[in-house]
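Subject: Structure handover

Hello,

Here is the structure we talked about. Please load it and read the notes below alongside.

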Amino acid sequence: MNSRSIILLLVVLPFYTGLSAQASFTTVTDELIIRLNGIVQVQYIVENAGKINSFEQPVFRDFRVMQGPMETTGMSMVNNQLSEYKALTYVLQPLHKGRLIVPGATAI
């Protein structure tokens, strides 16, 4: 594996605490190290927030957006506790090698 073709991603993990103590907003990637011509899937997940009035898409300065945003919603019931989520997913390709930061997003 050529060290010049490896990219290390740093993930910015914002947390949303506005609507209730159980609400959360996280950023998740499927890879932490990718090749220059590789891709990474990034998800912005809001859990248990009730209603989302707006979502501000981040600016991907170091990446080309290959797909997205793709929206997923769901809910589950565990021990009579309802849990809901909404996720926006992007597939990104790095524009250059080096240490890159996946930016956080904003949801209200």
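Which backbone oxygen does the side chain of Gln93 reach? The oxygen belongs to Asn37, and the distance is 3.0 Å. Bear in mind that this is a predicted model.

**Around Gln93**

Gln93 sits in strand 7. Its relative accessibility is 14%, so the residue counts as buried, the cut-off being under 20%. Leaving out residues up to four places away in sequence, Gln93 touches two stretches and one further residue. One group is Leu36, Asn37, Gly38 and Ile39. The others are Asp62, Phe63, Arg64 and Met66. Asn37 therefore appears twice for Gln93: as a residue it touches, and as the owner of the backbone oxygen its side chain reaches.

**The sheet**

Strand 7 is part of an open sheet of 4 strands. The order is 2-4-7-6, with antiparallel pairing. Strand 2 (24–29) and strand 6 (63–78) are the edges. Each has a single partner strand, so one side of each lacks a neighbour in the sheet. On average, neighbouring strands here are turned by 15 degrees against each other, ignoring direction.

Now the pairing of strands 6 and 7. Strand 7 covers residues 81–94 and runs antiparallel to strand 6. The two are joined by 13 bridges. For a spot check, take Gln67: its bridge partner in strand 7 is Val91.

**The salt bridge**

How many salt bridges does a search of the whole structure find? The count is 1. The pair is Glu71 and Lys86, with the closest N and O atoms 3.7 Å apart. Glu71 is in strand 6 and Lys86 in strand 7, so the pair ties together parts 15 residues apart in sequence. Side chains of opposite charge can pair when their charged atoms come close. Glu71 is exposed, at 52% relative accessible area. Lys86 is partly exposed, at 26%.

**The chain overall**

- Secondary structure: 0 helices and 9 strands.
- Size and burial: 108 residues, of which 32% are buried.
- Contacts: among those with a separation of 6 or more, 68% are between residues 24 or more positions apart.
- Surface: the accessible area is about 6,900 Å², and carbon and sulfur atoms account for 51% of it.

Over to you.

Best regards

Conventions
Residues are numbered from 1 along each chain as its sequence is written. This is a predicted model: local features need pLDDT of at least 70, side-chain atom pairs count only at pLDDT 80 or more; totals for chains, interfaces and linings use all residues. Side-chain values use heavy atoms; hydrogens and water are left out. Two strands pair if DSSP finds at least two bridges between them. Axes are lines fitted to C-alpha atoms, for helices over the stretch in contact, and angles run from 0 to 180 degrees between N-to-C directions. Buried means under 20% relative accessible area, exposed over 50%, partly exposed in between (1.4 Å probe, protein chains only). A polar contact is a pair of N or O atoms within 3.5 Å; within protein, one must be able to donate a hydrogen and the other to accept it, and residues adjacent in sequence count only if both atoms are side-chain atoms. Contact means heavy atoms within 4.5 Å. A salt bridge is a side-chain nitrogen of Lys or Arg within 4 Å of a carboxyl oxygen of Asp or Glu. Accessible areas come from the Shrake-Rupley method with a 1.4 Å probe; for residues, only the protein chains shown count as cover.
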